[in-house]
Amino acid sequence: MSVDHARDHSSHGKRRNAIVATLWITYALFYLGRVNLSVVLPALAADLNVSLAEAGALGTVYFWVYGISHFFSGQAGSQISPFRLVSFGLLGIALVNIAFAFQTSLLVMLLLWGINGVAQSAGWAPMFRILAERFDRTQIKRISTIMPFSYVFGTALTWTFIGVVAGGGDWRVAFWLPGLLLLLVLAFWRRAGIDAPKSQPSRIRPRVILAEARGIAFALLTAALAGFVFNGTIIWLPTYILDTGLIEGRLVGFVAAAMQVMAIGGLFLARFRVVRSNQVFATAALMLAAAGGALLLLTVTGGALALLVVVLALVMLNGAFGLTVSSMPLLLAPPGRAASVTGKINMMSNFWGGMAGFSIGALVDASGWSAVFGLWGAVLLLAAAIIWRKRAEENRWAE
């Protein structure tokens with residue numbers, strides 16, 4: 001290899017690393033205006049004098065709108081500049097969070113948090129178009145296992161930050177301050193200027209979209225089941241920790257964030273096994289089954305031991321969910337359809353994740369946390385069985 005060729009190769013590698021790093025950081029910071037709600041949900045409910053189930057409707061509305069919007073952002077991401085879509089999303093999230101901080105009506109909050117769902121959907125799918133069109137398929141599996149670290153880090157960072165600034169009971173600061181910070185994130189993204197290569201957009205054909213959905217039906221169902229549990233933990237984990245009585249209220253956000261940091265181990269485990277075995281489907285199935293078993297164990301576990309089992313469940317769930325919404329879309333997407341497939345899979349995971357907003361709050365009120373863990377465990381075991389049946393077909397999709 002000549003010196004000039006080696007220099008060009010090194011420069012190209014640095015550019016690719018810069019793209020991945022920028023996408024990773026930007027998406028992690030999306031979470032400042034998303035999971036901030038979870039830490040202050042009990043305080044918000046008390047201030048508005050509503051039940052947890054009613055306050056949890058904010059999560060339901062958000063994830064439903066976010067999920068449906070993923071379908072449209074996936075289609076738009078195949079037609080419009082991803083750089084522009086992400087910019088629109090960041091601006092929308094910032095403005096909605098600032099406005100949310102000054103509301104006293106749950107109805108208005110539901111409307112605003114639904115708009116937040118639309119803005120948040122402009123992140124993941126368009127970013128995956130950038131990845132799909134900037135990297136070849138031999139690199140996709142490895143790169144796709146890096147991106148899930150962004151939302152786990154973003155969740156941990158946000159919960160820690162919100163726990164500190166809003167732990168004293170002023171839930172409103174948990175929204176206006178992240179809103180202002182996200183305007184700075186928007187400036188960072190605009191300065192980076194990363195986009196997909198310019199291409200001639202193809203027409204959106206309903207027939208093609210439906211055929212595409214039928215071809216990946218098993219992945220859509222897996223995403224729906226895994227999303228119901230994963231997003232349920234995002235919404236309700238801080239409340240569960242508070243309900244155990246083992247942690248002081250001011251420290252709940254920090255402890256929940258610490259659990260998410262420990263759960264990053266699941267992403268490392270998933271990445272290690274995929275790199276070593278080159279098998280995404282089998283890895284996801286095994287980790288889903290392990291997470292489901294841990295959650296079922298929580299039905300008969302209490303006290304400090306229960307918190308340790310929760311961490312184990314989160315480790316396995318994070319690894320499996322990361323593969324479901326990151327590796328699978330890039331693996332299953334035909335050329336030029338990465339944003340569309342990513343949008344569909346994330347639509348399912350977040351729409352059904354929205355069910356956890358109201359339904360888990362109601363289940364806690366009616367039957368307690370053991371019923372919740374039993375339901376979540378059974379759902380993950382079903383998801384594991386579905387993806388396990390497809391493990392032998394992975395090589396066909398990767399061709």
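**Exercise 1. The nonpolar patch**

Determine which helices each supply at least two residues of the nonpolar patch in this predicted model, and which helix gives the most.

*Solution.*
Step 1. The patch consists of L91, L95, F102, W176, L180 and L183, and its surface amounts to about 570 Å².
Step 2. Two helices each contribute at least two of these residues: α4, spanning 82-100, and α9, spanning 173-192.
Step 3. The greatest contribution is that of α9, with three residues.
Step 4. One residue of helix α9 is L180. Its relative accessibility is 42%, so L180 is classed as partly exposed, a class that lies between the limits of 20% and 50%.

**Exercise 2. The overall form of the chain**

State how many helices and strands the protein chain has, and decide whether its radius of gyration agrees with or departs from that of a compact globule.

*Solution.*
Step 1. The chain contains 17 helices and zero strands.
Step 2. For 399 residues, a compact globule would have a radius of gyration near 21 Å; the chain has 20 Å, and the two therefore agree.
Step 3. Along the principal axes, the C-alpha atoms occupy a box of roughly 65 × 45 × 45 Å.
Step 4. Buried residues make up 56% of the 399.
Step 5. Consider the contacts between residues at least 6 apart in sequence: 85% of them join residues at least 24 apart.
Step 6. The chain exposes about 16100 Å², of which carbon and sulfur atoms supply 66%.

**Exercise 3. Aromatic pairs**

Classify the aromatic pair of F149 and F268 by its geometry, and find where its two members lie in the chain.

*Solution.*
Step 1. The count of aromatic pairs comes to 27.
Step 2. In the pair of F149 and F268, the ring centres are 4.8 Å apart and the planes make an angle of 65 degrees. Planes over 60 degrees apart count as edge-to-face, so this pair is edge-to-face.
Step 3. F149 belongs to helix α8 (residues 148-166) and F268 to helix α12 (residues 252-277); the pair thus links distant parts of the chain, 119 residues apart.
Step 4. F149 has 10% relative accessibility and is therefore buried, whereas F268, at 53%, is exposed.
Step 5. A second edge-to-face pair is that of W171 and F175, with 6.0 Å between centres and 75 degrees between planes. W171 is buried, its relative accessible area being 3%, and F175 is buried at 0%.
Step 6. Aromatic residues also form a cluster, whose members are Y27, F30, Y31, W124, F128, Y151, F230 and F321.

**Exercise 4. Salt bridges**

Explain why the salt bridge between R172 and D47 ties together separate parts of the chain, and locate the salt bridge of E133 and R129.

*Solution.*
Step 1. Side chains of opposite charge can pair when their charged atoms come close. The number of salt bridges counted here is two.
Step 2. In the bridge of R172 with D47, the closest N and O atoms are 3.7 Å apart.
Step 3. R172 is in the loop between α8 and α9, while D47 is in helix α2 (residues 36-48); because of this, the pair ties together parts 125 residues apart in sequence.
Step 4. R172 is partly exposed at 22% relative accessibility, and D47 is partly exposed at 45%.
Step 5. The bridge of E133 and R129 has an N to O distance of 3.1 Å. Both residues lie in helix α6 (residues 124-134), four residues apart, or about one turn of the helix.
Step 6. E133 is partly exposed at 32% relative accessible area, whereas R129 is buried at 6%.

Notes
Residues are numbered from 1 along each chain as its sequence is written. This is a predicted model: local features need pLDDT of at least 70, side-chain atom pairs count only at pLDDT 80 or more; totals for chains, interfaces and linings use all residues. Side-chain values use heavy atoms; hydrogens and water are left out. Patches are made of residues with over 30% relative accessible area and no salt bridge: like charges are joined within 9 Å, nonpolar side chains (Val, Leu, Ile, Met, Phe, Trp, Tyr) within 5 Å. Accessible areas come from the Shrake-Rupley method with a 1.4 Å probe; for residues, only the protein chains shown count as cover. A salt bridge is a side-chain nitrogen of Lys or Arg within 4 Å of a carboxyl oxygen of Asp or Glu. Buried means under 20% relative accessible area, exposed over 50%, partly exposed in between (1.4 Å probe, protein chains only). The radius of gyration is taken over C-alpha atoms; the globule rule is 2.2 Å times the number of residues to the power 0.38. Contact means heavy atoms within 4.5 Å. Rings of Phe, Tyr and Trp (its six-membered ring) pair if their centres lie within 6.5 Å; planes under 30 degrees apart count as stacked, over 60 as edge-to-face and the rest as tilted.
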